[in-house]
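Work through the exercises below with the model open in a viewer. Try each task before reading its solution.

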Amino acid sequence: MMATCRLCGSADLMGVVDLGATPPCERFLTADQLDEPEPTYPLHLRVCTDCRLAQIPPLITPEETFTEYAYFSSYSTSWVEHARRFVADRDLRPDSFVVEVASNDGYLLRHVVDRGVRCLGIEPSANVGQAARDRGVPTLTEFLTPEVGAAVRAEHGPADLVVANNVYAHIPDVIGFTEGLRALVADDGLVSIEVQHLLSLIELNQYDTIYHEHFQYYTVASARRALASGGLTLVDVELLPTHGGSIRLWASPGGEPGERVSEVLAREKAAGLHEASGYEDFALRVARVRRDLLRFLIDAAEEGRTVAGYGAPGKGNTLLNHCGVRPDLLPYTVDRNPYKHGRFTPGTRIPILPPERLAADRPDYVLVLPWNLREELTEQLSYVREWGGRLVFPIPHLEVV
């Protein structure tokens with residue numbers, strides 16, 4: 001299926017880790033779908049040995065995933081605060097224009113609205129885009145393409161700031177999407193992109209962030225090349241703790257890379273990510289995560305101890321499917337998002353219940369699937385200590401706290 005690299009066209013693609021075949025991670029099942037077959041697709045991460053873009057084949061389309069989407073950003077308190085701080089730190093004028101691509105439920109632009117600054121969200125998912133409009137955030141229901149970017153610019157004018165958080169991995173046409181960003185931004189404007197850092201993924205065993213809606217995984221080196229493909233220059237980079245380790249890429253139509261770009265490129269090179277050597281033992285470390293989690297769950301079951309899950313994120317579904325966890329080992333998981341209540345995880349078919357179920361059942365262990373929100377969730381779940389329960393984090397290695 002993936003004969004060539006989607007960024008540079010090279011046919012020299014090296015396998016990094018093969019997670020088997022799983023269903024798309026956001027296709028939560030309703031009760032009446034449990035007797036229906038589920039489509040599964042290979043989940044094999046490869047890296048281009050020429051441009052170093054890590055990628056999986058585009059086996060599903062963005063339209064299949066994002067036309068109606070189960071993820072609402074505002075259910076993460078820490079993520080909303082992250083967005084608030086980002087907006088607060090920007091030097092926005094009364095006449096500024098801010099565009100966010102993949103603006104979700106208005107988690108970020110609501111803070112721009114509060115400042116009285118003109119803004120527009122571009123969000124392909126009709127259901128979460130409506131949630132943004134209900135908050136007073138102007139939102140266009142579209143996928144970003146060069147044509148959509150040009151149309152928005154023609155109607156609203158060029159944007160002083162374009163934000164694209166947690167979307168640069170989600171688009172198979174990385175060149176066309178980047179051209180869309182370039183069409184939106186003013187010649188003297190800035191583009192801010194946040195995306196998971198491949199360095200963190202490899203070093204911290206974050207393999208559960210590999211799933212079908214994440215088409216590529218960036219180093220700063222590969223991101224710089226991707227941005228250039230659409231007419232943008234990487235001028236700065238920030239290392240962020242979000243999502244287990246992200247990069248904020250600052251790009252503009254002109255300019256030169258700053259010192260921090262060189263510093264992060266040097267870190268990536270030292271980790272071996274500019275060569276094949278940096279990927280060699282990743283599959284072995286992934287296998288260890290699987291064995292440790294299964295051993296823990298089996299031992300807990302044999303000892304008569306109860307385990308429930310917390311969260312139903314996309315990454316959790318990669319982990320559960322790869323490890324082969326079923327309701328006999330994890331009877332249910334809970335989630336704050338009402339959209340998921342009464343549904344079942346794809347592939348593993350674990351029931352998703354409201355969070356109040358934990359206090360009612362008082363399980364011995366709570367398996368935290370969105371481990372990237374560890375600090376936030378440790379505080380939210382502090383009440384588990386009241387009955388002697390303990391939290392379990394599976395990534396980067398199994399830890400019971």
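Two strands count as paired if DSSP finds at least two bridges between them. The model is predicted.

**Exercise 1. Overall build**

Task: State how many helices and strands the protein chain has, and test its radius of gyration against that of a compact globule.

Solution.
- Count the elements: the protein chain has 13 helices and 17 strands.
- Take the expected value: for 401 residues, a compact globule would have a radius of gyration near 21 Å.
- Compare: the protein chain has 21 Å, which agrees.
- Add the box: along the principal axes, the C-alpha atoms fill roughly 65 × 50 × 40 Å.

**Exercise 2. The sheet of 6 strands**

Task: Give the strand order of the open sheet of 6 strands. Then find which strands stand at the edges.

Solution.
- Order: the strands run 14-13-12-15-16-17, and the pairing is mixed.
- Edges: strand 14 (352–353) and strand 17 (399–400) each have a single partner strand, so one side of each is left without a neighbour in the sheet.
- Check one edge: strand 13 (residues 333–334) and strand 14 run parallel and are joined by 2 bridges. Val334 has Leu353 of strand 14 as its bridge partner.
- Add the packing: helix 10 (residues 282–302) packs on this sheet and touches strand 12 (307–310), strand 15 (365–368), strand 16 (390–393) and strand 17. The direction of helix 10 makes about 160 degrees with that of strand 15.
- Inspect the loop between strand 16 and strand 17, where Pro396 lies. A cis peptide bond joins Ile395 and Pro396, with omega about 5 degrees.

**Exercise 3. The sheet of 7 strands**

Task: Repeat the analysis for the open sheet of 7 strands.

Solution.
- Order: the strands run 6-5-4-7-8-11-10, again with mixed pairing.
- Edges: strand 6 (139–140) and strand 10 each have a single partner strand, so one side of each has no neighbour in the sheet.
- Check one edge: strand 5 (residues 118–122) runs parallel to strand 6, and 2 bridges join them. Gly121 stands opposite Thr139 in strand 6.
- Add the packing: helix 6 (residues 174–184) touches strand 4 (97–101), strand 5, strand 7 (159–165) and strand 8 (185–196). The direction of helix 6 makes about 140 degrees with that of strand 8.
- Inspect the loop between strand 7 and helix 6, where Asn166 has its place. Asn166 is not a glycine, yet its phi is positive, about 55 degrees.

**Exercise 4. The largest pocket**

Task: Give the volume of the largest pocket. Then describe its lining by residue, element and class.

Solution.
- Volume: the largest pocket has about 530 Å³.
- Residues: 21 line this pocket, and the closest to its centre are Ser78, His82, Arg85, Pro241 and Thr242.
- Elements: helix 2 (77–88), strand 10 (233–240) and helix 13 (374–380) each give two or more residues. Helix 2 gives the most, with 6 residues.
- Classes: the lining has 6 nonpolar, 5 polar and 10 charged residues.

**Exercise 5. The second largest cavity**

Task: What lines the second largest cavity?

Solution.
- Search: the whole structure has 2 cavities of 30 Å³ or more.
- Volume: the second largest cavity holds about 40 Å³ of space.
- Residues: Thr22, Pro23, Cys25, Leu43, Tyr211, His212, Asn317, Thr318 and Asn321 line this cavity.
- Elements: helix 11 (residues 314–323) gives the most to the lining, with 3 residues.
- Classes: the lining has 4 nonpolar, 5 polar and no charged residues.

Note on methods. Residues numbered from 1 in each chain as written. Predicted model: local features only at pLDDT ≥ 70, side-chain atom pairs only at ≥ 80, totals over all residues. Heavy atoms only, no water. Helix = DSSP H or I, 4+ residues; strand = E, 2+ residues; numbered from the N terminus. Contact = heavy atoms within 4.5 Å. Axes fitted to C-alpha atoms, helices over the stretch in contact; angles between N-to-C directions. 1 Å grid on protein atoms, 1.4 Å probe; cavity = no way out; pocket = protein on both sides within 12 Å on 5 of 7 lines; lining within 4 Å. Points joined across faces, edges and corners; volume = space filled by probe spheres on them. Nonpolar A, V, L, I, M, F, W, Y, C, P; charged D, E, K, R; others polar. Rg over C-alpha atoms; globule rule 2.2 N^0.38 Å.
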